[in-house]
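Biologist: Before we begin, could you put the model on the screen, and then take me slowly through the reasoning behind the words you use for it?

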Amino acid sequence: SHVEIMRIGTYRKEWGGVSQEDIIDAIESGKILIPQIEVIPTAVIPNADLPPELEIRFDMDPSVADFGNQNEPLPVNWALRFIHNQLFKHFEFPSRFCP
């Protein structure tokens, strides 16, 4: 099982992708921070495929955090959004897609 955070499309730069080495270098350099991750399923839904497949969702809940109150716990599944936002900001290439 996996949770897709960023779709690369291709590792070939000439086809609009990013190299595997560039991704590893960014993570090993500390530019992309990966915290300890605890995820909680938020929904189970059928997708649009025929026949449909079941998808387990891991949405951040609430979807907008209240950072004004430091005593409030972080939203459920915050770490996935944190990693997703860093990857999307750091890597810009034509085949990039974030679900």
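**Reasoning from values to words**

Biologist: Why is phenylalanine 91 called buried?

Modeller: This is a predicted model, and in it phenylalanine 91 has a relative accessibility of 6%, which is under the 20% cut-off, so phenylalanine 91 counts as buried. Phenylalanine 91 is placed in the segment after H2, and, leaving aside residues up to four places away in sequence, it touches Met6, Val18, Asp22, Ile23, Ala26 and Arg96.

Biologist: How far apart in space are phenylalanine 91 and isoleucine 24?

Modeller: Their C-alpha atoms are 12 Å apart, while in sequence the two are separated by 67 residues.

Biologist: What makes serine 95 partly exposed?

Modeller: The relative accessible area of serine 95 is 22%, and since buried means under 20% and exposed means over 50%, serine 95 falls in between and is therefore called partly exposed. Serine 95 also lies in the segment after H2, and its contacts, not counting residues up to four places away in sequence, are Arg7, Ile8, Gly9, Thr10, Gly16 and Gly17.

Biologist: How do you know that serine 95 and isoleucine 8 make a polar contact?

Modeller: A polar atom in the side chain of serine 95 lies 2.6 Å from the backbone oxygen of isoleucine 8, and this falls within the 3.5 Å limit for a polar contact. Valine 44 gives another distance for serine 95, for the C-alpha atoms of these two residues are separated by 28 Å, with their positions 51 residues apart along the chain.

Biologist: Is glutamine 86 buried or exposed?

Modeller: Glutamine 86 has a relative accessible area of 15%, which is under 20%, so the word for it is buried. Glutamine 86 belongs to helix H2, and, with residues up to four places away in sequence left out, it touches Lys31, Ile32 and Leu33. For Leu33 there is also a distance to give, since its backbone oxygen lies 2.7 Å from a polar atom of the glutamine 86 side chain, again within the 3.5 Å limit.

Biologist: Why is the aromatic pair of tryptophan 78 and phenylalanine 82 called tilted?

Modeller: The rule gives a count of 1 aromatic pair. The ring centres of tryptophan 78 and phenylalanine 82 are 5.8 Å apart, within the 6.5 Å limit, and their planes make an angle of 55°, which is neither under 30 degrees, as stacking needs, nor over 60, as edge-to-face needs, so the pair is tilted. Both residues lie in helix H2, which covers residues 78-90, and they are 4 residues apart, about one turn of the helix. Each is partly exposed, tryptophan 78 with a relative accessible area of 30% and phenylalanine 82 with a relative accessibility of 32%.

Biologist: What sits over the ring of tryptophan 15?

Modeller: The charged end of arginine 12 does, at 4.1 Å from the ring centre, a distance within the 6 Å limit.

Biologist: What makes the phi of asparagine 77 worth pointing out?

Modeller: Most residues other than glycine have a negative phi. Asparagine 77 is not a glycine, yet it has a positive phi of about 65°. Asparagine 77 is in the loop between E2 and H2, and with a relative accessible area of 4%, under the 20% cut-off, it is buried.

Biologist: Which peptide bonds leading into prolines are cis?

Modeller: The bond from leucine 50 to proline 51 is cis, with omega near -5°, and the bond joining aspartate 61 and proline 62 is cis as well, with omega about 0°. Most peptide bonds, by contrast, are trans. Proline 51 lies in the loop between strand E1 (43-46) and strand E2 (54-57), whereas proline 62 is in the loop between E2 and H2.

Biologist: Why is the protein called more spread out than a compact globule?

Modeller: Its elements run α-β-β-α from the N terminus on. The radius of gyration is 16 Å, whereas the globule rule gives 13 Å for 99 residues, and because 16 Å is well over that value, the protein is described as more spread out than a compact globule. Along the principal axes, the C-alpha atoms fill a box of roughly 45 × 40 × 20 Å, and 25% of the 99 residues are buried.

Methods
Residues are numbered from 1 along each chain as its sequence is written. This is a predicted model: local features need pLDDT of at least 70, side-chain atom pairs count only at pLDDT 80 or more; totals for chains, interfaces and linings use all residues. Side-chain values use heavy atoms; hydrogens and water are left out. Rings of Phe, Tyr and Trp (its six-membered ring) pair if their centres lie within 6.5 Å; planes under 30 degrees apart count as stacked, over 60 as edge-to-face and the rest as tilted. Helices (H or I, at least four residues) and strands (E, at least two) are DSSP runs, numbered from the N terminus. Buried means under 20% relative accessible area, exposed over 50%, partly exposed in between (1.4 Å probe, protein chains only). A charge sits over a ring if NZ of Lys or CZ of Arg is within 6 Å of the ring centre and within 35 degrees of the ring normal. A polar contact is a pair of N or O atoms within 3.5 Å; within protein, one must be able to donate a hydrogen and the other to accept it, and residues adjacent in sequence count only if both atoms are side-chain atoms. Contact means heavy atoms within 4.5 Å. The radius of gyration is taken over C-alpha atoms; the globule rule is 2.2 Å times the number of residues to the power 0.38.
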